[in-house]
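Keep the structure open beside this text. We will walk through strands, then cores, then a pair of helices.

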Amino acid sequence: MIYKIFIAASQIIEVLMNIDHLFPSATRCCQPGKAAARSDCKLSSIDQHLDKVITKPQSIDSQTFSKEPIVSCQGREDRPGPPIYFSKTEARGRYARPLLVFIFFACAQTFAQEPQIDQGQMPRVSATEPEDALDTFEIRDGFQLKLAAHEPDVVDPIAIAFDADGGMYVIEMRGYSEHREDRLGRIRYLEDEDGDGIFETSSIFKDGLKWPTGIACYKGGVFVGATPDIFYFKDKDGDGVSDEEQLVFTGFGPTDSRLNMQALFNSFRWGPDNRIWGATAASGGNVTRPGDPSFESVSIRGADFSFNPETLDFRAENGTAQYGLSFDSYGRRFVCSNSRHAIWVAYERHHVKPNPYYDLPAPLVDIARDGAAAPVYRISPDEPWRIVRTRWRVSGVVKGMIEGGGRVSGYFTSASGIHIYWGEAFGETFQDNIFVGDVGSNLVHRKIITHEQNRYQPVAIRPEDEQQTEFLRSRDNWFRPASFATGPDGCLYICDMYRETIEHPWSLPQGIKAHLDLDSGNNRGRIYRVEPDGFARPSIPKLSEASDAELIALVEETEDDWRRTTARRLLFERGKPIKQDRVPYPYPALLKAEATPLVDFSSWNKDPWMDAAILNSLHDEAWIRFAWDHRSAAMSARFEEELARMSGKTGSLTLIESIASLLGGVEVSPHLMAMVSALKEGFTLAGGDWEEIATLGIFSSLFTRAARIAENELADLDSRLAAIGLLELQSGREIEAVLKRIVSENAAQNTLIAAAAKGIEDAAFLIENFNRLPPETRREIVVRLTNDAQDALGILAAIETGTLTLEQIPADAAQRLRNHREPKVAARALQTLPRIEMRSEVVVLYQAALASNGDIEKGQAAFRKACITCHQTSDGEGYVFGPPIATFKTAGKTLILGNILDPNREVAPQYQAFQFTMKNGEAYAGMIASEDKRNVTVALPGGVTKTFPRTEVESMTGLGRSLMPEGLEHSLTIEEMTDLLAYLVQ
């Protein structure tokens, strides 16, 4: 009954608020979050209590309703709604207020809560007792699983570290997931006294810790990370309990927000350089050393870290991912993060001799051949709460990421504890294999690291006989493989946190959380050992008693992780350090070469990482000139283009003139155009005046030659396109006249017209010839013209006169016009452009697009019209700016339609929009592609990237919304949407 009253009242209000002729004196209310179009828009005094209008709900099923976005006159909500018309007197007083008050009190309670379900839809999952646990597993042929320890001797294990005599320190994160302040975390010490592989002796080494996450052995004690601190604990009297405590570092994690328990620093590892390494995750921080005023704080925002355990030198390292860090037998580092289950750290900061003219590619590289969110093959049932939450998210009832196209499982969602195995027990085939857990799917995944011919980047592939299965998987939903270690016996050890529910509490809707016990399992935990069939367990040596000579022999002769790494650690502790000097040659070893390896082409093979190493070795103008003088066929086009950019960055007119002489006689081609473009970009970044360079005789003749080719209708298409690209590097009326003639050319192909139009600044000409432009170019042109206030007003005038139609204005361009920084443009846009309807109403209107199958061929045309600049098809058409079609095509038409028309309903973090305002007044809305200390690279629609020195950025602001604009319905009719959906899900 309340629902019917609500609907009827809402409809009355809609009529009262939106029919202008009923209230001639109505004042238009501003859009939420936007500037008021009229000064008398704002409500005041008692009216402020009524500035929120609850709109009608949308039925999800017979018992549950979703809360629609709240409409706020003053813009205090972060969700958009329609403009609402209020009469200053009658609408507020006589009609609106009584209805609003009635609706508020009648319905607020009904819609104030998230959906509720009964316990029958959320059955609990029972634990399996330790004696029955092994029966729940499937493991690869040739291996067997053993219980090395289990509750009550160990509970909630998330990380382990073996000491020099084979004892095991274990982090117990009993405070997961909401009991940090209760200090339930502790460190256990387990021993296998009889050498049978079962750790039967257990003692509590240290307790009272807040969410401990990282541990590493050193000098008879352990370094332990518990945000925001790193401690050193040691048992000095031999009673198994720590009696020495030192606060070593502090400052990990945020100080201005809640601590995210799934983004804590973690995974301490003894590195090949005899430093202790750790993963920072997303916690960041500014690390300091208590009691040491000479220690300068180190920012680890977006970085991992390492420290010297003796001198306590601390430094930021390349990173970061989430939970897991491991080194292979060559000293290469690997990390993982949720779906990104296999990430190679291509180089470390200490590998690199910095180059003032060159920035290396981003160091973290996904190497899984089957993609980051690769398929996984679980045998455990989907947990009831995951099924319900996914259904709610897909239907829009609750917020949250809709992963996997609405699938509950079947792909990596929670990769954790990546470990590179190089023990002696498994044999050569398994050396440097990747093992990574998926705690959400109750399995352990394996990949083989390989290399493509003449390539230095590793590739992670599934074993041939594990294509649709996993190395280890359990039918038990409680199996949570959090991390791994290679043990003293050469076997693989698995930390099983063993919990009924693994999920961040912030990600659980209250209606679901009410039926879960997030503490269930905080008295349980297992540690498993994987060993080969017929394994003959070796005796475990007490390396703490080994002589220096014995330890040196282990370092030099053994290929076993624990023995070699522990021997290096003990030698370091004794003041006789031996580094693991296995940095692969030539990459990344050459990154810190003092002299350039450019003269040695034998191992180059145009590999992109070798390109990077050689370019990085060209540290000054003389070496860059040397590189130009030794150009050869061994150089890749990519290398030469980057060399040109470096040359420009030197700012040397002499060098640039000599390069111009080299290029002057080169045939006009896309590669030549790319080199000159890179030269210009570098010179501009160096603060040089390109207009001065462009008038040099050699360049002037090049541009003249390019103009002739561009207008030659008999020239091949690639040459004409390259010539146009060259012309765009030179400004002036003569050049623009050439480009205009190409656009006007009757026989010109679309690709030529598109290329020429990009270099034309004359807005009036572009608008006049708008219908000659290819559809994708129209969008780019309109968006570009919105940057300038006068050009933006020209677009609006063209719409008003009918020269341009609303369908020709892309939704993101319309959004830029409405939100234009120039008030007169924004005000005129509000008058000229159609209002943004409430998203729920548009979605309802476009439900008709789901009624028929649609035409796939026409849908492709609709994709090219509205989507191609931000999304890529499975066959490579379009740009990877937003999610590729392949990532959401299985979600179904209903969900896709909702995401198209209501893009801000839920925005994945990687697609959050940022506003970049430059000191020269330019502004860009895009995503951060990469950043370092010197530069920020911004990704823009259409595959465009722009790199700015940080010194040129005035401000960088998160917009809290998607870059996919609202209002796409103004560009696509219902019929076109029907066809588009057919194309997207084919």
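Two strands pair if DSSP finds at least two bridges between them. The model you are looking at is predicted. With the pairing rule in hand, go to strand β15. In β15, Y232 is the bridge partner of F223. That link belongs to the pairing of β15 with strand β14, residues 221–226. Six bridges join the two, and they run antiparallel. The connection between β14 and β15 is a hairpin of two residues. A226 of β14 stands opposite D229 in β15.

Now turn to the other partner of β15. Strand β16 covers residues 244–252. β15 and β16 pair in the antiparallel sense, again over six bridges. Here F233 stands opposite E245 of β16.

How enclosed is strand β15, residues 229–234? Buried means under 20% relative accessible area. Five of the six residues of β15 meet that mark, so the strand is largely enclosed by the rest of the structure. β14 is mostly covered too, with six of its six residues buried. Look at its two faces. G221, F223 and G225 lie on one side, and V222, V224 and A226 on the other. All of these are buried, so to speak of β14 is to speak of a strand with both faces covered.

Step back by one strand. β13 spans residues 212–218 and runs antiparallel to β14. Six bridges join them. P212 has A226 of β14 as its bridge partner. A226 therefore turns up twice in this account, since it also stands opposite D229 in β15. β13 and β14 also form a hairpin, with two residues between them. In that turn, K219 has a positive phi of about 50 degrees.

Next comes an open sheet. Four strands form it, in the order β9-β10-β11-β12, with antiparallel pairing. Which strands stand at the edges? They are β9 (157–162) and β12 (201–209). Each has a single partner strand, so one side of each is left without a neighbour in the sheet. The twist averages 20 degrees from one strand to the next. Strand β11, residues 185–191, pairs with β12 over six bridges. Within that pairing, R188 has I204 of β12 as its bridge partner.

Leave the strands and look at the nonpolar interior. The largest nonpolar core has 109 residues. Y587, V676, W690, F699 and I795 have the most contacts inside it. Helix α20, residues 789–801, gives this core its largest share, seven residues. Apart from this core lies another, of 43 residues. Among its members are F430, A546, V555 and L570.

What does F699 touch, leaving aside residues up to four places away in sequence? The list is I656, A660, V676, L679, W690, I693 and A694.

Finish with α20 and its packing against helix α22, residues 823–832. Two packed helices are described by the angle between their axes and the distance between the axes. For α20 and α22, the angle is about 15 degrees and the axes are 10 Å apart. Angles under 35 degrees count as roughly parallel, and that makes α20 roughly parallel to α22. The crossing of α20 past α22 is left-handed. From α20, the contact uses A789, Q790, A792, L793, L796, A797, I799 and E800. From α22, K824, V825, R828, A829 and T832 take part.

Technical notes:
Residues numbered from 1 in each chain as written. Predicted model: local features only at pLDDT ≥ 70, side-chain atom pairs only at ≥ 80, totals over all residues. Heavy atoms only, no water. Buried < 20%, exposed > 50% of the residue type's maximum accessible area, 1.4 Å probe, protein only. Core = buried A, V, L, I, M, F, W, Y, C linked by side-chain atoms within 4.5 Å. Contact = heavy atoms within 4.5 Å. Axes fitted to C-alpha atoms, helices over the stretch in contact; angles between N-to-C directions. Parallel < 35°, antiparallel > 145°, perpendicular 65-115°, else oblique. Left-handed = near helix turned anticlockwise from the far one by under 90°.
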